[in-house]
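Q: I should like a close look at a single part of the model shown below, set in the context of the whole chain. Please give a formal account with the cut-offs stated.

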Amino acid sequence: MSDEGFLRRWARLKSTGGEPEQAQPVPAPVVVPVAVESEAEAAPPAPLPTMDDVAKLTPDADFSAFVAKGVDKSVQRLALKKLFADPHFNAIDGLDMYMNDYNKAAPLPPGMLASLKHAPGVLSRLFEEQAERAEAEAAQEQASEQAPPSTQQGNA
């Protein structure tokens, strides 16, 4: 394959009207015949697991037989329930930030509540000062509107 990029090769072939280079044919894979066992020589399939087999399971056991095709769904469910009951699978990921329920407010500790007892007094003084300022500004605007025009133009 050439070192030129796809678009350059495409543009060159498009402008010259040339045909793209034919790729070398890939040789067919060699198939090796496998000896076929007769049905009599073939190993009998393992019996499907039952509820008794689930009761004997340990965390170190091989669970692959319980998720194979043909296993009863209730046996599969119980085996997987037993597998995931292992504390290894119950470890909480430290990066899982969305697992908490943020709809419930956490109660405030007593120290924080004590520090907030001064807040009503501070807020009421703040609101009173704002109300007084607003009243003073309104009174000043009203007084300037009611002043006679001759006093405003006295220096003219």
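What percentage of the contacts in the protein chain with a separation of 6 or more comes from residues 24 or more positions apart? Please then describe helix α3 (residues 73–84) and its surroundings.

A: This is a predicted model, in which local features need pLDDT of at least 70 and side-chain atom pairs count only at pLDDT 80 or more, while totals for chains, interfaces and linings use all residues. Residues are numbered from 1 along each chain as its sequence is written, and side-chain values use heavy atoms, with hydrogens and water left out.

Residues 24 or more positions apart account for 23% of the contacts in the protein chain with a separation of 6 or more, a contact being heavy atoms within 4.5 Å. The secondary structure comprises six helices and zero strands; both are DSSP runs numbered from the N terminus, helices being H or I with at least four residues and strands E with at least two. Of the 156 residues in the chain, 8% are buried; buried means under 20% relative accessible area, exposed over 50%, and partly exposed in between, with a 1.4 Å probe and protein chains only.

Confidence is expressed as pLDDT, the predictor's confidence in each residue from 0 to 100. Its mean over the protein chain is 79, and 80% of the residues reach 70 or more. Among the elements, helix α3 has the highest mean, 92, whereas helix α6 (residues 149–152) has the lowest, 56.

The geometry of α3 is consistent with its length: its twelve residues should span 16 Å at 1.5 Å a residue, and the end C-alpha atoms are indeed 16 Å apart. The expected span is 1.5 Å times one less than the number of residues. The buried residues of α3 are Val 75, Gln 76, Ala 79 and Leu 83. They lie on the same side of α3 because they cover an arc of only 100 degrees around the axis, the arc being that of the directions from the helix axis to the C-beta atoms. The face turned away from this buried side carries the exposed residues Lys 73, Arg 77 and Lys 81.

What covers the buried residues of α3 includes α2. Ala 55, in helix α2 (residues 51–55), counts as exposed at 56% relative accessibility. The C-alpha atoms of Ala 55 and Leu 78 are 9.2 Å apart, with their positions 23 residues apart in sequence. Val 75, leaving aside neighbours within four places in sequence, contacts Pro 49, Thr 50, Met 51, Val 54 and Phe 66.

Val 75 also belongs to the largest nonpolar core, whose eight residues are Val 54, Leu 57, Phe 63, Phe 66, Val 71, Val 75, Ala 79 and Leu 83. Such a core is a set of buried Ala, Val, Leu, Ile, Met, Phe, Trp, Tyr and Cys residues joined through side-chain atoms within 4.5 Å. Helix α3 gives the most to this core, with three residues.

The whole structure holds two aromatic pairs. Phe 63 and Phe 66 have ring centres 6.4 Å apart and planes at 50 degrees, so this pair is tilted. Rings of Phe, Tyr and Trp (its six-membered ring) pair if their centres lie within 6.5 Å; planes under 30 degrees apart count as stacked, over 60 as edge-to-face and the rest as tilted. Phe 63 is buried at 11% relative accessibility, and Phe 66 is buried at 6%. Phe 84 and Phe 89 form an edge-to-face pair, 5.1 Å centre to centre with 75 degrees between the planes. Phe 84 is partly exposed at 44%, as is Phe 89 at 40%.
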